[in-house]
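With the structure open in your viewer, please follow the selections below in the order in which they come.

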Amino acid sequence: LKRVADHRDNRLLAVMPPSAFDLFAPHLKDKNFPQGGVLQEAAEPIERIYFPQTGMISLLIVTTDGAGVEAATIGREGAVGLHSGLGKRRAFTRAVTQVGGQFSYIAADRFRSVAENSQPIKDIIARYTELLWAESQQITACNAKHNAEARLCRWLLQTRDRIKSDTLPLTQEFLSEMLGVRRTTVTLVARALQTAGLIRYRRGMIQLCNIEGLMNAGCECYAAINQEGLPGRVGVDFSEK
Amino acid sequence: MPRFYFSISDHGHLEDEEGTELPDVDAARRHAYAVAREIMRNRAGMLGDPWSKWTMQVKDSHGKEVFCFELADAGETFTQDGLRNPDKSVP
């Protein structure tokens, strides 16, 4: 039995007016992407746009020592490379599949040729870019001002929203990369959260046990950028014509 | 390469069960101070913060203590005036 692609499980694809969606839907494909795959490399032309239906993509800034640090994460609420719908663009970050899942994708030039003639699509690109900009400003402040424990809580809650699950398939190596701290630091801080009953940690898997407790232990940044609140906070309305 | 275990304790105890492979004791010391600073970073002014009373204990793979220090001595300031303590503990 052939699976029917659920492109509209992705929020951005879901808010596209049908008249606009139908213009590029024939070129939209989807498949399962495994954890760890590199979807785009910094400085390379953006060839494809990815819209996760499930799973999560991390955008990483790779510093000259070869280490990557999280710049943003993208789940079903967003897309990677969407702005290339406005014109040929190069990737600023490396994009890696952090939680494997089903992603819709389309060739960037196909999407561009449709977006060029569609004001609704251009509007959605602009609004989504505003959300990413707001989120990245908050994360810049968070990384500069908040301690490792608070940032880990923020990160776990954010990932929970992205993948809509309380069980996060994340290794400590990965968390250490995301937070820009040593793995031992992640081990000890995660252990403290576990002792407090907020999470349960198994090898490569984190179970969130007390969401409210994590919100209290975390900084204000999660509340500032969570997906339910952010569009309203910056006045972005995807349903607006 | 030898494996070192970095645990911290106060009234509670947070065990590092996995450990980290490092070339020698000097490297373990640098790693330990770096981890302590990462844990203490941005806890400025939090005098009531229980973490500042913690000690880090570093053990080898036989469970023998290699060295031990207070997190607060790891060289990062926790004062709000922006002044840095001299980084005296780092070799």
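**A serine in a strand, then a helix**

Begin in chain B by selecting Ser7(B), which sits in strand β1, residues 3–9 of that chain, and bear in mind throughout that the model is predicted. Is Ser7(B) buried or exposed? Its relative accessibility is 3%, so Ser7(B) counts as buried. Display the side chain next, and a polar atom of Ser7(B) will be found 3.1 Å from the backbone nitrogen of Asp16(B). Setting aside neighbours within four places in sequence, the residues in contact with Ser7(B) include His13(B), Leu14(B), Glu15(B) and Asp16(B), together with Thr55(B), Met56(B) and Gln57(B), and also Leu188(A) from chain A.

Move now to chain A and select helix α4, residues 119–145, whose 27 residues reach 39 Å from the first C-alpha to the last, close to the 39 Å expected at 1.5 Å a residue. At the N-terminal end of α4(A), Ser118(A) acts as a cap, with a side-chain oxygen 3.3 Å from the backbone nitrogen of Ile121(A). Colouring the helix by burial will bring out its buried residues, among them Ile121(A), Ile124(A), Arg127(A), Glu135(A) and Cys142(A).

Stay with Cys142(A), which is buried with a relative accessible area of 0%. Why is Cys142(A) without a bond to the closest cysteine sulfur? That sulfur belongs to Cys219(A) and lies 3.6 Å away, which is too far for a bond, given that a disulfide requires sulfur atoms within 2.5 Å. Over all chains the count of disulfides is zero. Finally, return to chain B and select Cys68(B), which is partly exposed, with a relative accessible area of 41%.

Note on methods. Residues are numbered from 1 along each chain as its sequence is written. Chains are lettered from A and ligands numbered from 1 in the order in which they are written. This is a predicted model: local features need pLDDT of at least 70, side-chain atom pairs count only at pLDDT 80 or more; totals for chains, interfaces and linings use all residues. Side-chain values use heavy atoms; hydrogens and water are left out. Buried means under 20% relative accessible area, exposed over 50%, partly exposed in between (1.4 Å probe, protein chains only). Helices (H or I, at least four residues) and strands (E, at least two) are DSSP runs, numbered from the N terminus. The expected span of a helix is 1.5 Å times one less than its number of residues. A polar contact is a pair of N or O atoms within 3.5 Å; within protein, one must be able to donate a hydrogen and the other to accept it, and residues adjacent in sequence count only if both atoms are side-chain atoms. Contact means heavy atoms within 4.5 Å.
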